[in-house]
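Let's take a friendly walk through this chain together. Please have the sequence and the 3D view open side by side as you read.

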Amino acid sequence: MCVLHVWCTECPVMPPVDPCVPTPCGPNSQCQALGDQAACSCLPKYVGTPPNCRPECSISAECPNNLACLNEQCKNPCPGSCGPQALCSAVNHKPVCSCPAGLTGDPFSTCSPPSKSAVASVEPTL
């Protein structure tokens, strides 16, 4: 509240106070000023509640068994792990590759139809 004095002709203008400076939110968080109140939230890819925002994981054991800790997030470990045509399932945080029925080979490099000579050696003779 401004009180005018004889020597003062106008009241000083006080700059608005930013409730986010300094931030009350803590690490890995963001602050948004809502009027004179600070609204805190965790940064994208972080979990928890400010001021305790943290990465989703730091080791795979912090993730469900079908996911692995990749770049501090629980993700499917299969993409890019198996060769062409191979099947992948995540078991105990690791990709397990296999060739589908009818295909052979190393599932980590490629699965392909069996060669004609391999098929001929398996076919019964009449």
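A residue is called exposed when its relative accessible area is over 50%, buried when that value is under 20%, and partly exposed in between. Asn71 has a relative accessible area of 70%, so Asn71 is exposed. Please keep in mind throughout that this is a predicted model.

Asn71 sits in the loop between β5 and β6. Its backbone deserves a look too: although Asn71 is not a glycine, it has a positive phi of about 55 degrees. Another asparagine, Asn28, also is not a glycine and has a positive phi, of about 60 degrees. You will find Asn28 in the segment before β1. Asn28 has a relative accessibility of 29%, so it counts as partly exposed.

From Asn28, move along to the hairpin. Strand β1 covers residues 29–34 and strand β2 covers residues 37–42; the two pair in the antiparallel sense, over six bridges. Two residues lie between the strands, and in this hairpin Gly35 takes a positive phi near 70 degrees. Across the pairing, Cys31 has Cys40 in β2 as its bridge partner.

That brings us to the cysteines. How many disulfides does a search of the whole structure find? The search finds eight, and we will visit three examples here. As a general reminder, a disulfide is a covalent bond between the sulfur atoms of two cysteines.

Start with Cys31 again, which a disulfide joins to Cys20, at an S to S distance of 2.0 Å. This pair links distant parts of the chain, with Cys20 in the segment before β1 and Cys31 in strand β1, 11 residues apart. The torsion about the S-S bond of Cys20 and Cys31 is about -75 degrees, so this disulfide is left-handed. Are the two cysteines buried or partly exposed? Cys20 is buried, because its relative accessible area is 13%, whereas Cys31 counts as partly exposed, at 26% relative accessibility.

Next, follow strand β2 to Cys42. Cys42 and Cys53 form a disulfide, with their sulfur atoms 2.1 Å apart. Here, too, the pair links distant parts of the chain: Cys42 belongs to strand β2 and Cys53 to the loop between β3 (46–47) and β4 (54–55), 11 residues apart. With a torsion of about -85 degrees about the S-S bond, the disulfide of Cys42 and Cys53 is left-handed. Cys42 is buried, at a relative accessible area of 15%, and Cys53 counts as buried, at 6% relative accessibility.

The last example is the disulfide of Cys57 and Cys69, whose sulfur atoms are 2.1 Å apart. It links distant parts of the chain, from Cys57 in the loop between β4 and β5 (68–70) to Cys69 in strand β5, 12 residues apart. The torsion about the S-S bond of Cys57 and Cys69 is about 95 degrees, so this disulfide is right-handed. Both of these cysteines are buried.

Cys57 also leads us to Gln73, in strand β6 (residues 73–75). Leaving aside residues up to four places away in sequence, Gln73 touches Lys45, Glu56, Cys57 and Ala68. Gln73 has a relative accessible area of 18%, so it is buried.

Finally, turn to two prolines. The peptide bond from Val21 to Pro22 is cis, with omega near -10 degrees, and Pro22 is in the segment before β1. Pro50 and Pro51 are joined by a cis peptide bond, with omega about 10 degrees; Pro51 lies in the loop between β3 and β4.

Definitions and conventions:
Residues numbered from 1 in each chain as written. Predicted model: local features only at pLDDT ≥ 70, side-chain atom pairs only at ≥ 80, totals over all residues. Heavy atoms only, no water. Pairing = 2+ DSSP bridges. Helix = DSSP H or I, 4+ residues; strand = E, 2+ residues; numbered from the N terminus. Buried < 20%, exposed > 50% of the residue type's maximum accessible area, 1.4 Å probe, protein only. Contact = heavy atoms within 4.5 Å. Disulfide = S-S within 2.5 Å.
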